[in-house]
Structures are given as structure tokens and as C-alpha cells.
Amino acid sequence: MSETPFLVLSAILFTIGAVGVLTRRNALVLFMCVELMLNATNLALVTFSRVHGNLHGQVTAFFVMVVAAAEVVVGLAIIVTIFRTRRSASVDDASLLKY
Amino acid sequence: MIAFWLLAPVMVAAALGVLFARKAVHAALLLAVVMIGLAVLYLVQEAPFLFAVQIIVYTGAILMLFLFVMMLVGVDASDSVVETIKGQRLFAIIVGLLFGSVLVLGVAQVSVGAVVGLEAANADGNIQGLADLLFSRYAIAFEGTAALLITAAMGTMVLAHSERLKPRLSQQEMAAQRMRDYADSGKHPGPLPAPGVFARHNAVDTPALLPDGSTAELSISRVLAARGTVRSAPHLADDIEELTQHMHDDGSSNIPGRPDATPKGPLEGDPSDRRDDGEVQP
């Protein structure tokens, strides 16, 4: 079982997530694309863990999951707070600091 | 490897669906497909603990949190297609394609040597091996994640908590406000008219008729009016006309759809009287 297909899949998913972050306007979908990127890196970490024959990659992937969970909780709370004041979940509307 | 080749196209398609889905709910469900696929790939790659964590934490907790927030923010909130920066979307796609092709080509050409496999590392079991590392070499980082999680929970509670800005109005104050509105603008101080009570039909989507035959706008919910599902009075009148016509044609007062609605015996009145009583089923 070679490692290259897994890494290529990971790269493709990461790229899709990155393009999503650049193009989408809904803050929730933006967050989902960030999650997609984190998951793609997790796949690469798990693959490298198997290639090198030790569990360090899996431990790192576990830490990435913990950080992702914390990040999502705080990020969604920020989205809810912004929605409560501006009635919108679009990232373009939160531009008050620009002026 | 069969699992990989089965799952990889599905996962890429679902990820592209996240990218192109107009509605946030569809994006979330497609992301769930990607995450479950990743979980299976972890299992294939000898990481059963991460398989379980991926299902429980990502698909079970994080995505459900996404869906809950979507319910708060509004399920229908679809993305706008208006570009705020001209050409930004096109450039983003070009940059993404370049980045992706460079990354894929680079990754595909690199050789990292023979695959060792995890048989030796997983000899005592995957979870035991992970615990060995987590509580020895990564103990400080583990403590750090504990602090991070507590901070995140506190921060979320602070952010999501909303103070009441104005004191709650008492019943007396609300009554006084209603009387003030009546004095200022003539707004009726009593309750709103009920739907359809004067229009022979008491469903909520039928507006009440005023004495001059016009409809009372206040008697129906604004939501129904916005959706355009309000039944108009002339339309209803046609229905009633049809029903009563039917009653007169066959001489009985049996309304279609209500076979046993007519009382038998001396209670039965003249069919022409029955035109004016009660409700008429649509």
C-alpha cells in the first residue's frame, strides 16, 4: 500500500478547502472549508505516521483535532455574536473597521 | 487500497460540493461525507483511535455544532453571488488551480522511502502506543490542550452570553403603553382580530372580512402574507358557491367530503338556511 495516493488526495482536499476560503462569502461555509483543510493535513499526518513506522504523526493529528474543536467553538460563538448585532452571516458585512 | 479507490472519488466530489453548494446546510452535509470518508481512511491506515475520534469529535460534535448554529443564523441563509472585489473569484480559482497542481505534482514526485508500516508501533495496541507518547513525550503539549479547551469554553460562554439591555416590561407598563399608542395614533388597544370569523372559514390563512366586504389585514399572520399563501375572500366565495350549488342540485344538503355532517330527523332544516351556518370545509 503505497503512500503517494493518500498524499495526493490530501493535497487535493487541502486545495479545495483553500479555494473555498478564498471564494465563499458565508462565514459558516468559510469555517467548513477551514475544517476541510485541517482534515486534509490530518490525512497527510496519519499517512506519514504509517510511512515512518511510529505514532508521532497520529499524536499530532490528535492535537490538530483538539485545536480544531476549540477553534470551531470560539469561531461559531463569534459568528453568532456578529449575527445577533448585524443580522447577517456574510463576511463582507463585518467591515466596520475599514472606515 | 480498494477502500481508498472507492472512497477517494466520493470524497473529492463531496469536497467540490462543499465548494459549490449554494446553501450552507448542503455544504455541512457534504462535509460530513468527506469526514466519514477520512475516518475510514484512518482505519485503513492502522489508526483505529483516530477513526473513532474522527467520527465522534468531527462528525458527531463539530458538524452538529455547525448545524445548530445554522438553525440559529437561519437555514435559508444562502451565499451571495455578488463579487465585492472585481475578479476576485476568478483569481482565487486560478491561484487555487496553480497551488493545487504544484502541490499534487510535488507530492507525487517525492519519494519518502519504503513504507515501514505500524505493526511494530501498534504491537501493544494502537491506543496504548498513543497513550505512551501522549503522557511522556507530549505531556506538556497535552497540558496545553487542556488549558486551551478550558479557555475556549470560557470564551464561548462569554461571547454567547447576552446581557438584557432594557428591563423587562411589567403588565401594567404594557397596558399603559397600549393606551398611549391609542391616544397618539389611534391604534386599537384590544387584541388583534381573529382570522376568518366573519368569512365563514376560520383557518388561519383566511383573512377576516370587514363589514364593507374588504379583508382585515391585521387578522392574518405577516409570515403567511409574505409567503403569499393567504386565501382570498373571492376565491373562498367561489368555493362556497360551488358547494351550495351542489347541495341544491341533488336536493340534499350533503356536503362532499363530510358524509355524516347532516343531522337527521326534525333537526334538519331548509337547505337554504344551511347556507349561512357554520364552517364549510374547503
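The points below go through a predicted model with chains A and B.

1. **Overall make-up of chain B.** Chain B has ten helices and zero strands. Read from the N terminus, its elements run α-α-α-α-α-α-α-α-α-α. Of its 282 residues, 19% are buried. Among contacts in chain B with a separation of 6 or more, 44% join residues 24 or more positions apart.

2. **The interface, seen from chain B.** In this model 68 residues of chain B are in contact with 63 residues of chain A. On the chain B side, the elements giving two or more residues are helix 1, helix 2, helix 3, helix 4 (88-109), helix 5 (126-134) and helix 6 (139-160). Helix 3 of chain B gives the most, with eleven residues. By class, this side of chain B holds 54 nonpolar, eleven polar and three charged residues.

3. **Helix 2 against helix 2.** How do the second helices of the two chains lie? Helix 2 of chain A (residues 27-52) and helix 2 of chain B (residues 24-44) pack at an angle of about 10°, and their axes are 10 Å apart. The two helices are therefore roughly parallel to each other. From chain A, the residues that meet helix 2 of chain B include A:Leu28, A:Met32, A:Glu35 and A:Asn39. From chain B, the partners include B:Ala24, B:Ala27, B:Leu31 and B:Tyr42. This contact divides into 15 nonpolar residues, one polar and one charged.

4. **Helix 3 of chain A against helix 6 of chain B.** These two helices also pack at an angle of about 10°, with axes 9 Å apart. That makes helix 3 of chain A roughly parallel to helix 6 of chain B. Among the residues that meet are A:Phe63, A:Val66, A:Ala70 and A:Thr81 on helix 3 of chain A, with B:Ala141, B:Thr145, B:Leu148 and B:Gly155 on helix 6 of chain B. The contact has 15 nonpolar residues, four polar and no charged ones.

5. **The nonpolar core.** The largest nonpolar core has 70 residues. Those with the most contacts inside it are A:Leu28, A:Met32, A:Leu36, B:Val18 and B:Leu31. Both chains build this core: helix 1 (4-23), helix 2 and helix 3 (56-86) of chain A, and helix 1 (2-20), helix 2 and helix 3 (48-73) of chain B, each supply at least two residues. Helix 2 of chain A brings the largest share, 15 residues. As general background, nonpolar side chains in soluble globular proteins tend to be buried together.

6. **A:Leu28 up close.** What does A:Leu28 touch, not counting residues up to four places away in sequence? In chain A, A:Leu28 touches A:Ile79 and A:Ala89. In chain B, A:Leu28 touches B:Ala24, B:Phe66, B:Val69, B:Met70 and B:Val73.

7. **B:Ala27 on the other side.** B:Ala27 sits in helix 2 of chain B. B:Ala27 is buried, because 27 other C-beta atoms lie within 10 Å and 20 are enough to count as buried. Leaving aside neighbours within four places in sequence, B:Ala27 is in contact with A:Val29, A:Met32, B:Val18 and B:Ala21. B:Leu16 is eleven residues away from B:Ala27 in sequence and 9.5 Å away in space, C-alpha to C-alpha.

8. **Helices 1 and 2 of chain A.** Helix 1 of chain A has 20 residues, which should span 28 Å at 1.5 Å a residue; its end C-alpha atoms are 29 Å apart, so the two agree. Of these 20 residues, 15 are buried, so helix 1 of chain A is largely enclosed by the rest of the structure. Helix 2 of chain A has 26 residues and reaches 38 Å from first C-alpha to last, close to the 38 Å expected. Helix 2 of chain A is mostly covered, with 21 of its 26 residues buried.

9. **Backbone points to check by eye.** Just after helix 2 of chain A, A:Gly53 takes a positive phi of about 75°. B:Glu46 also has a positive phi, about 60°, although B:Glu46 is not a glycine. Most residues other than glycine have a negative phi. B:Glu46 lies in the loop between helix 2 and helix 3 of chain B. Is B:Glu46 buried or exposed? B:Glu46 is buried, with 20 other C-beta atoms within 10 Å.

10. **A loop residue for contrast.** B:Ala203 is in the loop between helix 7 (171-185) and helix 8 (222-227) of chain B. B:Ala203 is partly exposed, with 14 other C-beta atoms within 10 Å. B:Ala203 and B:Val33 are 170 residues apart in sequence and 43 Å apart in space, C-alpha to C-alpha.

Conventions:
Residues numbered from 1 in each chain as written. Chains lettered and ligands numbered in written order. Predicted model: local features only at pLDDT ≥ 70, side-chain atom pairs only at ≥ 80, totals over all residues. Helix = DSSP H or I, 4+ residues; strand = E, 2+ residues; numbered from the N terminus. Buried ≥ 20, exposed ≤ 12 C-beta atoms within 10 Å, placed from the backbone. Contact = placed C-beta atoms within 7 Å. Axes fitted to C-alpha atoms, helices over the stretch in contact; angles between N-to-C directions. Parallel < 35°, antiparallel > 145°, perpendicular 65-115°, else oblique. Nonpolar A, V, L, I, M, F, W, Y, C, P; charged D, E, K, R; others polar. Core = buried A, V, L, I, M, F, W, Y, C linked by C-beta atoms within 7 Å. Expected span 1.5 Å × (residues − 1).
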